[in-house]
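Let's take a quick tour of a protein model. Have a look at the structure first, then read on.

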Amino acid sequence: MNRLLSKTVLTIVALLAASGINAQSQEPFWLGADISGTTELEARGIQLTNAAGEPRENTELMKELGLNAVRLRVWVEPTDGLCNGDDVLRMALRAKALGMALMIDFHYSDWWADPGKQNIPKSWKGMSYGEMCDALANHTREVLRKLKNNGIDVKWVQVGNETTDGFLWDVGRASTNMAQYAGLTANGYDAVKEIYPDATVIVHIDCGSDPKRYDFIFDGLRKYGAKWDMIGMSIYPYWDIDTKLQTTWQGTVDGFVSNIKRLYKKYGSETMIVETGVEAKKPVLGKEILDAIIDAAYSRCDGHCKGVFYWAPEAEGAYPLGAFDGNKPTVIMDSFTEMARKLKQ
């Protein structure tokens, strides 16, 4: 290799590194969806179709739309058996068969966990902090071992879902027991690495355009020695405007871009948008917003945002931020298809 060519190659590698792209690993930009509700729809006899009206299983449909990853939530002992370890395995096998990467999202609850509720599983109630650390680690290992024993590769694992004020309240409520929230998170982190040493462990909180809540959680985790590999964000312009965190959807987009860059400088942490959604009843506007979210995540974050996951696109009815109408995808999901096509060029 002559000097000029050598210098050119080194310059290209340096530019790729500066932009957050690894020239050797060729890590893809991830386009995903949380489709944990799929088996519930199937149990209710609901048949999803593609936009042309052709019947499709949901994982297959996501692949057809250009997605390359799936996110699945885990509940500890759900009363209906949905989203427990066996149900997650059922869905994970479908993702594996289609060659899709997998994210596992531990809620550490028997039902929904989010910024407004982080309920202790029924069988964990009354435990001491130490006992709860053990229960959390055992549950994490048990579910992940089930997946590994069935040949499933898990790329990312969330230790908690939207833990904006911690989880397992009040034992692990961050605003009152930050040290215990950090300790519980550390036990989850170590349990993940025991089963999947190469998995990326994510700590996930909401409102990605609000830097203060990110500083609160990650300063606290750092203070008490807890580890994480990646920061997970929820990006919902609809809720940001509803709660007056932002006045426009553009404010949410600009805000999360700024925050992702800031978080990388402060903590050295890459970010993933692990949840997003737009208003299903306004699909044309929704597509415009989702286009902007995906484009900003890909092109405006200096390479420090690794992908975008839509939350429950197949959801219809009471939940306003799905992306289907009449059990088939609206133009909102074209945002993923178009980005997948762009990435292949």
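Here is a short briefing on a helix pair and two residues.

This is a predicted model, where local features need pLDDT of at least 70 and side-chain atom pairs count only at pLDDT 80 or more, while totals for chains, interfaces and linings use all residues. Residues are numbered from 1 along each chain as its sequence is written, and side-chain values use heavy atoms, with hydrogens and water left out.

**The helix pair**
- The axes (lines fitted to C-alpha atoms over the stretch in contact, with angles from 0 to 180 degrees between N-to-C directions) of helix α5 (residues 129–149) and helix α6 (residues 174–195) come within 9 Å and cross at roughly 25°.
- That makes α5 roughly parallel to α6 (angles under 35 degrees count as such).
- Helices here are DSSP runs of H or I with at least four residues, and strands are runs of E with at least two, numbered from the N terminus.

**Ser36**
- You'll find Ser36 in the loop between β1 (30–34) and α2 (38–43).
- Ser36 is buried, with a relative accessible area of 6% (buried means under 20%, using a 1.4 Å probe and protein chains only).
- Its side chain and that of Asp34 share a polar contact of 2.6 Å (a pair of N or O atoms within 3.5 Å, where one must be able to donate a hydrogen and the other to accept it; residues adjacent in sequence count only if both atoms are side-chain atoms).
- A polar atom of the Ser36 side chain also lies 2.8 Å from the backbone nitrogen of Arg73.

**Lys306**
- Lys306 sits in strand β10 (residues 305–311) and counts as buried at 18% relative accessibility.
- The Lys306 side chain reaches the backbone oxygen of Gly303 at 2.8 Å.

How values were computed. Angles under 35 degrees count as roughly parallel, over 145 as roughly antiparallel, 65 to 115 as roughly perpendicular and the rest as oblique. Buried means under 20% relative accessible area, exposed over 50%, partly exposed in between (1.4 Å probe, protein chains only).
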